[in-house]
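Reader: Please take a close look at the disulfides in this model. I would like one connected account of where they sit and how they are built.

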Amino acid sequence: MQTPRALLSRRRVLLLACAALVLVSLACLATLVGYTLHPSTQISEGYEFLRSQISPHVPAPPHVVSDPFGPSSTLKGPPTSSFRDNLLPHKQVKYITSWLSAGWTNDVYTYINLIYLGLITDRVPIIPMFIPSHIGGHVPPIPFGEVFDVPRLRNELGKPVLEWRDVKDVNSTFVDDIGCWNVWEAVQYREAYPRRSRIPGDLGLDISYTRAPDWIKMIPGYEHDQHVAFWSLATLAFPSTRAASLVPPLPSPQHNVSLAPDEHLLCYDYLYYVSAHKPFEMEHDYSPAWRYAGKFLHWTPRLEELADIYIRRALGVEDNEEIPPFISIHVRRYDFEVWCGGVPVQECFAPLSVIARRVGEVQDELRERTGVTVSHVLVTSDEKDAAWWLEVTKLGWFAPDHTDTKETYGEWYPVLIDAVIQSRGTGFVGTDRSTMSIIAARRVEDWLDGPTRLVRWGTPNADDH
């Protein structure tokens, strides 16, 4: 007699086969009637249909073979010593870029904002690398395309997206002069200079900055917020507003040249504090930067495969077994102590009992939606207290083992693997005000249609509800 697991597996195989036959039939019908889907639409829609029939933890589809919006569509050729030698003429293609200056998840926000700003200004984003601000300057940067699947991003956007390594030779010693907008000085009142970043130096850029006009600030005169509206920045990409906003630029630090903001490759010093309607809106369902850019930033297949390894080990699942549905948790604690404002840590941070209550809410919602009880819980956290982790174990929850992750894969990978694990939960519970939790919640909601909760903290009983 076959076991229930075997019967379930057999049923899934039959469903998968039937779904594949349906897709083939539809493709043939489309050919007969002369209707052709965009290649990326065929791939993504077909994959999502199959995915819906089996498991929420099927790895992401492989790299799209067709890449019509790849570097060859918007560059002259392979990377060159000077970035200008590789750009297509100004009348043909315009570009946009910016730099990083925050922790890794905040930097992901920054690049999402860059991509969205490129969409609304009809410019091709050129995305730099990620810098190790959260793990130490001794660690080399990691290319954007080693974290996120750029060909898939281009295909799902239906627009070109470039990395700096596509444009300029990473081994080039040539220093390019360029003029950029200084946004930072216009939106805050503590630092009278552009936002600092190591990226221009890493890319061999000598920048002459022009201070952006004060009217770009979202809340004029308010010193406690640094946000700017997307369309305020976008207007500077167009000739009339650009010309009306020019003031004498600062000389560049190396070559002492004074250049107005470049019209071919538009650049801004910092794009983290950018929103459409109000500050810190990425957590809201209307966020245009997320809806039109961020949700298309899927992990590379390699990162998905690594996450599978860590999930299987944590849950005790064999390589030939399907990963069961689980609720993912992100508890941000270690570096949030500075925000407790004198409240003792034990009273500031939500106890595990409160987090467990939120897990119960997610389990209840999943049961109501699907009729399935999700019992596995997988915890990621920056907490270093062994006693806290022992309490996690006593709850019957699991955690990825990063004992050898740095030595095996490099110092970037503990946080990268944790981020993938967080996004793979059938449901998610995170930490309020943590950008890592907020973006994980968005991924679970949009990629897996999963319920999410963010646990409030800061005072005793902050999460009472």
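**The disulfides**

Author: In this predicted model, a disulfide joins Cys180 to Cys267, with an S to S distance of 1.9 Å. The pair links distant parts of the chain, since Cys180 lies in strand β4 (residues 176-182) and Cys267 in strand β7 (residues 265-268), 87 residues apart. The torsion about the S-S bond of Cys180 and Cys267 is about -90 degrees, so this disulfide is left-handed. Cys180 and Cys267 are both buried.

The structure holds two disulfides, and the other one joins Cys340 to Cys348, with 2.1 Å from S to S. The link of Cys340 and Cys348 is left-handed, with -90 degrees about the S-S bond. Cys340 has a relative accessible area of 5% and is therefore buried, the cut-off for buried being under 20%. Cys348 is buried as well, with a relative accessible area of 1%. Counting bonded cysteines along the chain, the disulfides follow the pattern 1-2, 3-4.

The cavities complete the account. There are three cavities of 30 Å³ or more, and the largest has a volume of about 110 Å³. This largest cavity is lined by 13 residues, with Val331, Ala350, Ile355, Thr431 and Val455 nearest its centre. Strands β9 (326-331) and β11 (427-431) each supply at least two residues of that lining. By type, the lining of the largest cavity divides into eight nonpolar, three polar and two charged residues.

How values were computed:
Residues numbered from 1 in each chain as written. Predicted model: local features only at pLDDT ≥ 70, side-chain atom pairs only at ≥ 80, totals over all residues. Heavy atoms only, no water. 1 Å grid on protein atoms, 1.4 Å probe; cavity = no way out; pocket = protein on both sides within 12 Å on 5 of 7 lines; lining within 4 Å. Points joined across faces, edges and corners; volume = space filled by probe spheres on them. Helix = DSSP H or I, 4+ residues; strand = E, 2+ residues; numbered from the N terminus. Nonpolar A, V, L, I, M, F, W, Y, C, P; charged D, E, K, R; others polar. Disulfide = S-S within 2.5 Å. Buried < 20%, exposed > 50% of the residue type's maximum accessible area, 1.4 Å probe, protein only.
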